[in-house]
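Please look over the structure shown below, with attention to strand pairing and to the place where the chains meet. The briefing that follows takes these topics in turn.

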Amino acid sequence: MLKYLFHFLTGYVIIKIEGTNVEDFLNLCTREKIYIHRLSHHGKAYASGELHPSYYHKAKLFARDMDVKISVLRRGGLPFALLKLKKRKAFIAGFLVMMFLMFWLCGRIWVIDIEETNPNRRNVIAAALEENGVKSGMPRHRLKPFEIQQSVMASHKEFSWFWIEVKGTHAVVQVRYGKKPPEVADPQDISNIISTKNGILHRFIVRSGSSSLKEGDYVTEGQLLISGVVPNELVGAMYVHAEGDAIAKTDRVLTESMPLTVSERVKTGNVTKKYSVNILGKDFNLFFKAPKYKHYDGIIKEKRLHLTRDYILPFSVKIYEYSEVKPTPKKLKEQDAERDLKNSLLNSLYDSVGKKNVVSSQFTVEKSPEKIIVTLKAECLENIAKQVPISFEEKPFTPSDISKDILLPEEKGN
Amino acid sequence: MAHKRKRKKYSMGKATSQKVEKVADMLDISKDFLAGSLKVTIIANCELTVEGEISILEYTDTSLKLNTRSFIFGIKGSDFEITQLDTDYLRLVGNILATEYMV
């Protein structure tokens, strides 16, 4: 293969060998290191083979000695192809311009893909990229993934991983989110724990502070659950940061309704296609008027020009496909509407408290000719504890004050 | 003058070659290794390579006769194309039907 490539690059002539002493001529050529490739015989008329152009005149002298006639049938290879092209200056200029354009286009980032589906998060990532100068059309060599990674990770603490993978003219942005560590309360912050909801205490643990409540007690919203004021025999009261868990059985009521007659968009079968061209990020519409339909659904399809899968060029065609629709009233089945509403309510309950925390649930259905209303009453296990700081006019006693100011003088006196 | 002496290309006479072949027989090693005998490799019936000192005696599109040191090697077939030709190497592609040795 490499031999044929070398042969093509250096050029060759295909010679026609005629005469009676072809064999002697070939033997002489091989002895004198004139190599003839792809030697073939065409019946009894003549033989032909490929020869390097520089050996042609030497071979012609040998042919005369051997009473053989050689002539050039065809010239081939790159040098001869370039000689032919020498006269076609416009073609060469066009080719060079095309090569320059391809080189220029392939040296830039044209498509930035953010691997995130949440629109809000996508906007945050896009803004972070813009802050660091990453945009469509930027030169590829200016995109420094390590520097951008450090800058973005420093400014966005919620990202646990950020990386830009450059594939040809295509940059793929990968982001991973880390879980925030639980906040550690400062023991110097004196606080109480109050209830956020009405409920029956299911699991009640006091780690710090004092409380007179026990499991099974009914508590109301705003009621003090754990007090940060702990009675002390020495100083009367000690002030601490109240800590504990208060898991209570709470009642939740969710309601949703659905009309039994809905408007359905039925396709009429009429479709209009309109086109626009995108060149270097700018859209050029190839149409002037919006579709003539009163109601329609639109789909946009984009076809990008690319050399390989990763070398995407900044040229694309957008196809706007408008399908005419006719709003038609449709009566829903009561059973289907009820089932959909129940599923929707259960899903929203599971999203808010978690499936394992739902103790019991009960549905109530109200039906009328126009709509259906479903109410879900559920008993759930929830953490109803909420920290509330205690405010003092003067600095209160803390355990550290007790040990330093009160206990030490007594010890000294003894 | 010693420095003006040209180094001769290595080649053996027929008698020397026969002696070397005898030695190769005694040592039970390949004659190609010691005597530089002709080495013919045929791949199916489409490709043939000949390694050794050769010269072309007859060449048409249906037959090829090669002169070697000890015999004439003939190939018969059709659509012959000599893709590579050197003083000690030949590669032939085509439809090979028969080979013959003429001593």
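**Strands and chain contact**

Strand S17 (residues 296-306) of chain A is hardly covered, as 0 of its 11 residues are buried, where a residue counts as buried if 20 or more other C-beta atoms lie within 10 Å of its own, with C-beta atoms placed from the backbone. This is a predicted model, in which local features need pLDDT of at least 70 and side-chain atom pairs count only at pLDDT 80 or more, whereas totals for chains, interfaces and linings use all residues. Residues are numbered from 1 along each chain as its sequence is written, while chains are lettered from A and ligands numbered from 1 in the order in which they are written.

**The hairpin in chain A**

- S17(A) pairs with strand S18 (residues 312-331) of chain A in the antiparallel sense over 10 bridges, pairing being assigned if DSSP finds at least two bridges between two strands.
- A hairpin of 5 residues joins S17(A) to S18(A), and A:Ile300 stands opposite A:Tyr320 in S18(A).

**Where chain B meets chain A**

- In total, 15 residues of chain B are in contact with 14 residues of chain A, contact meaning that the C-beta atoms of two residues, placed from the backbone, lie within 7 Å.
- Strand S3 (55-59) and strand S5 (72-85) of chain B each supply at least two residues of the side that touches chain A, strands being DSSP runs of E with at least two residues, numbered from the N terminus.
- S5(B) gives the most to that side, with 6 residues.
- Strand S2 (residues 37-42) of chain A and S5(B) pair in the antiparallel sense over 2 bridges, and B:Glu81 in S5(B) is the bridge partner of A:Ser40.

Key
Helix = DSSP H or I, 4+ residues; strand = E, 2+ residues; numbered from the N terminus. Buried ≥ 20, exposed ≤ 12 C-beta atoms within 10 Å, placed from the backbone.
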